[in-house]
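Me: Could you walk me through the fold of this protein, one question at a time? I have the coordinates open beside me.

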Amino acid sequence: MISDLAIETRALTRRHGRKVAVDHLDLALPRGGIHAIVGANGAGKSTLFRVLLGFVTPTAGEAFVLGRPSGALTPADRGLIGFVNEEHTLPGWARVDEVVAMQRRLYADRWDEQAFASVISSFDLLGDQRVAQLSRGERAGLNLALALGQSPELLILDEPTLGLDVVARRRLLEALIAGVDGGDRTIVYCSHQIEEVERLADTLVVLERGRLLAFAAPDEVCGRVSHWIADVPFKGPEAASVPGLLQHRRFDGVHHYVVLDQDDDFEAFLRAAGARTVHRQAMSLDRAVDALLTRNHA
Ligand SMILES: Nc1ncnc2c1ncn2[C@@H]1O[C@H](COP(=O)(O)OP(=O)(O)OP(=O)(O)O)[C@@H](O)[C@H]1O
């Protein structure tokens, strides 16, 4: 079945006992480009990936991958999906050259040697080394190179750059960007590295406790959050009365408000609350995501 969406979820819910890891999630990620999923620890990112890959079943709702229900992926569908997770689960007993030969054989009709080489060349791996002997970063690199070599239509990456040094990280990001360039490949990627996400992602999905908090281009997400600095006498307005409040701090009697979806009316609000001066400060994506996620952080 052809779908314009790489991934679609409808009211998707996955519980683990009393824990709700994914909570009525409606998501529609178009084909092509890089979609980054960010969220605090435990926000449900890995669980979402496990459901999408058909490793676990939804408690309720539905999930579709490349137009097919995630629970009914055929071996041919799976051949179109690459997955790299933070555990880098390659067989430890196998030699590097054996693993590479196996992957080349498995994906012979789609194998992209150039993409494989562009990543693997960052690492000084010997063919006769056992996977279990590799360092964590080397194993990450091998996994990523294999996944890109597979030339997948959809590449799902769970914290792919964890443990990589700066050079390997940069090369990997370049390989990912080259891999989607103008083509149909979709990369869905989760990371806690916001500066990386900013460089890479066409769209940003912000998850909070399994729910969708924001879904837009990184610039747009950034534009929804604003930082206001106001010289308000005494305590300032009650927190509950501050529209869209995400964070409030007070330094040397000056109030800092980080708010969601507020325009110039927010200045009028602060003035009405007695502010003598009001100044709006530019917001980085890192700070914007931080403010979104700290709002209800445990
Ligand atoms: N097998 C499981 N049994 C019980 N609870 C689970 C299980 N797997 C996940 N959870 C819980 O579900 C929630 C979501 O976990 P998940 O691993 O999806 O989060 P995450 O967003 O990937 O987190 P992190 O950024 O820390 O990797 C967490 O609260 C976690 O404790």
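**Confidence and folding pattern**

Reply: Happy to! The protein averages a pLDDT of 90, and 97% of its residues score at least 70; pLDDT is the predictor's confidence in each residue, from 0 to 100. This is a predicted model, in which local features need pLDDT of at least 70 and side-chain atom pairs count only at pLDDT 80 or more, while totals for chains, interfaces and linings use all residues. Residues are numbered from 1 along each chain as its sequence is written.

Me: Which element of the protein has the lowest confidence?

Reply: Helices (H or I, at least four residues) and strands (E, at least two) are DSSP runs, numbered from the N terminus. At the top end is strand β4 (residues 60-65), with a mean of 97. The lowest mean, 83, belongs to helix α6 (residues 166-180).

Me: Which strands stand at the edges of the open sheet of six strands?

Reply: Here two strands pair if DSSP finds at least two bridges between them. The order is β6-β7-β8-β3-β9-β10, with mixed pairing. The strands at the two ends each have a single partner, so one side of each is left without a neighbour in the sheet. They are β6 (81-84) and β10 (211-216).

Me: What is the bridge partner of H35 in β8?

Reply: Strand β3 (residues 33-39) and strand β8 (residues 186-190) pair in the parallel sense over five bridges. In β8, H35 is matched with V188.

Me: What angle does the direction of helix α1 make with that of β7?

Reply: Axes are lines fitted to C-alpha atoms, for helices over the stretch in contact, and angles run from 0 to 180 degrees between N-to-C directions. Two residues are in contact if their C-beta atoms, placed from the backbone, lie within 7 Å. Helix α1 (residues 45-52) packs on the sheet, touching β3, β7 (154-158), β8 and β9 (203-208). Its direction and that of β7 make an angle of about 145°.

Me: Why are α4 and α6 roughly parallel or antiparallel to each other?

Reply: The axes of helix α4 (residues 113-120) and α6 come within 9 Å and cross at roughly 160°. Angles under 35 degrees count as roughly parallel, over 145 as roughly antiparallel, 65 to 115 as roughly perpendicular and the rest as oblique. The pair is therefore roughly antiparallel.

Me: How many nonpolar residues are in the contact of α4 with α6?

Reply: A115, S118 and V119 of α4 meet R171, L172, A175 and G179 of α6. Ala, Val, Leu, Ile, Met, Phe, Trp, Tyr, Cys and Pro count as nonpolar, Asp, Glu, Lys and Arg as charged, and the others, Gly among them, as polar. Besides two polar and one charged, the nonpolar residues number four.

Me: And how many nonpolar residues are in the contact of α4 with α5?

Reply: α4 and helix α5 (residues 136-149) pack at an angle of about 165°, with their axes 7 Å apart. E113, A115, F116, V119 and I120 in α4 face G141, L144, A145, L148 and G149 in α5. With two polar and one charged set aside, the nonpolar count is seven.

Me: Which residue is the bridge partner of W228 in β14?

Reply: A sheet of four strands, also open, has the order β12-β13-β11-β14 with antiparallel pairing. Its edge strands are β12 (245-251) and β14 (278-281). Four bridges join strand β11 (residues 225-230) to β14. In β14, W228 is matched with R280.
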